[in-house]
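Visitor: I'd like a close look at a single part, please: the largest pocket, with whatever sits around its lining.

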Amino acid sequence: MNAKNLSERLKTVASFVEKNTILADIGSDHAYLPCYLVHTGIITQGIAGEVVKGPFESALKQVRSEGLEKQIDVRFGNGLEVIEKTDNVQTITIAGMGGPLIASILEAGKDKLDTIETLILQPNIHAKAIREWAMKENWKIVNETILEEHDKIYEVVVLQKGLMELTEAELLVGPFLMKEKSSVFQKKWSNELSEWQRIMDQLNKTVESKDVQQKKEELERKIALVKESL
Ligand code: SAM
């Protein structure tokens with residue numbers, strides 16, 4: 001993968017970016033996503049934020065090697081702290097991390113979100129943490145998709161400001177994805193159901209304790225929610 005030949009996962013994230021928006025890609029690593037967005041004429045300026053030295057240097061190197069220093073500003077810093085008011089950022093992308101980490105980055109950077117219009121988030125796991133954060137913080141899901149690449153399944157959640165009330169099932173599997181019921185969605189949750197059933201079988205062979213009982217109840221609840229969503 002590189003900035004010109006992007007993964008399907010990042011292309012899907014890119015497909016939600018509005019033309020000419022000012023973008024900040026947080027946790028940008030090689031800055032492939034913002035470089036691709038400039039190359040394809042979707043954005044003209046953006047920020048690539050990174051908190052780890054190695055990926056930060058890879059991003060700098062990539063942006064320089066593509067001659068995009070004027071369009072993409074690579075900044076070193078934790079989460080949304082790389083964004084300044086004067087940048088007038090409208091869209092934030094955060095991709096390739098766990099849902100809880102993405103939610104914690106948004107929570108820690110809440111003061112930077114006032115002027116942001118769209119959050120495009122691609123959690124590798126536990127998208128539920130993002131939906132829970134969004135509902136609590138008055139962001140609503142305006143789009144969602146699910147895709148498979150190299151035997152891995154990814155969700156993309158797009159948020160804009162607004163009120164949203166999700167059921168427990170919608171928080172877990174995603175309101176748009178649940179309606180659409182794509183084959184990838186069915187595959188993801190059938191796999192999860194098999195895994196949870198396997199754990200349940202093991203727990204049923206374990207000596208009963210309060211912890212075991214609690215774990216079984218949690219699993220039963222999740223299994224029921226997913227079954228009703230498929
Ligand atoms: N976004 C790219 C993608 O989807 O291919 C890179 C994903 S990579 C697995 C996650 C990147 O996020 C790493 O480079 C890591 O250093 C960075 N990261 C993790 N936590 C961060 C934070 N709080 N602020 C900025 N970057 C962060």
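Guide: Domain bounds here come from an automatic or database domain assignment. For this predicted model, local features need pLDDT of at least 70 and side-chain atom pairs count only at pLDDT 80 or more, while totals for chains, interfaces and linings use all residues. Residues are numbered from 1 along each chain as its sequence is written, and side-chain values use heavy atoms, leaving out hydrogens and water.

The assignment splits the chain into domain 1 (8–166) and domain 2 (186–229), and their C-alpha centres are 33 Å apart. Both domains contribute to your pocket, with at least three lining residues from each. A pocket is an open set of points on a 1 Å grid where a 1.4 Å probe fits, with protein on both sides within 12 Å along at least five of seven lines; lining residues have an atom within 4 Å of a point. This one holds about 420 Å³ (the space filled by probe spheres set on grid points joined across faces, edges and corners).

Its lining counts 17 residues, and Ile125, His126, Lys188, Trp189 and Glu192 are nearest the centre. At least two residues each come from α5 (128–136), β7 (152–161) and α8 (183–205); helices (H or I, at least four residues) and strands (E, at least two) are DSSP runs, numbered from the N terminus. α8 gives the largest share, five residues. By class, seven are nonpolar, three polar and seven charged (Ala, Val, Leu, Ile, Met, Phe, Trp, Tyr, Cys and Pro are nonpolar; Asp, Glu, Lys and Arg charged; the others, Gly among them, polar).

Now zoom in on two of those central residues. Lys188 lies over the face of Trp189, 4.8 Å from the ring centre (NZ of Lys or CZ of Arg within 6 Å of the centre and within 35 degrees of the ring normal). Arg9 has its charged end over the ring of Tyr154, 5.6 Å from the centre.

Trp189 also leads us to ring pairs. The structure has two aromatic pairs (Phe, Tyr or six-membered Trp ring centres within 6.5 Å; planes under 30 degrees apart are stacked, over 60 edge-to-face, the rest tilted). Phe56 and Phe76 are edge-to-face, 5.2 Å centre to centre with 70° between planes. That pair joins helix α3 (residues 53–65) to strand β3 (residues 72–76), 20 residues apart along the chain. Phe56 is buried at 12% relative accessible area, whereas Phe76, at 42%, is partly exposed. Trp189 and Trp196 have ring centres 6.2 Å apart and planes at 50°, so that pair is tilted. Both tryptophans, Trp189 and Trp196, are buried (under 20% relative accessible area; exposed is over 50%, partly exposed in between, with a 1.4 Å probe and protein chains only).
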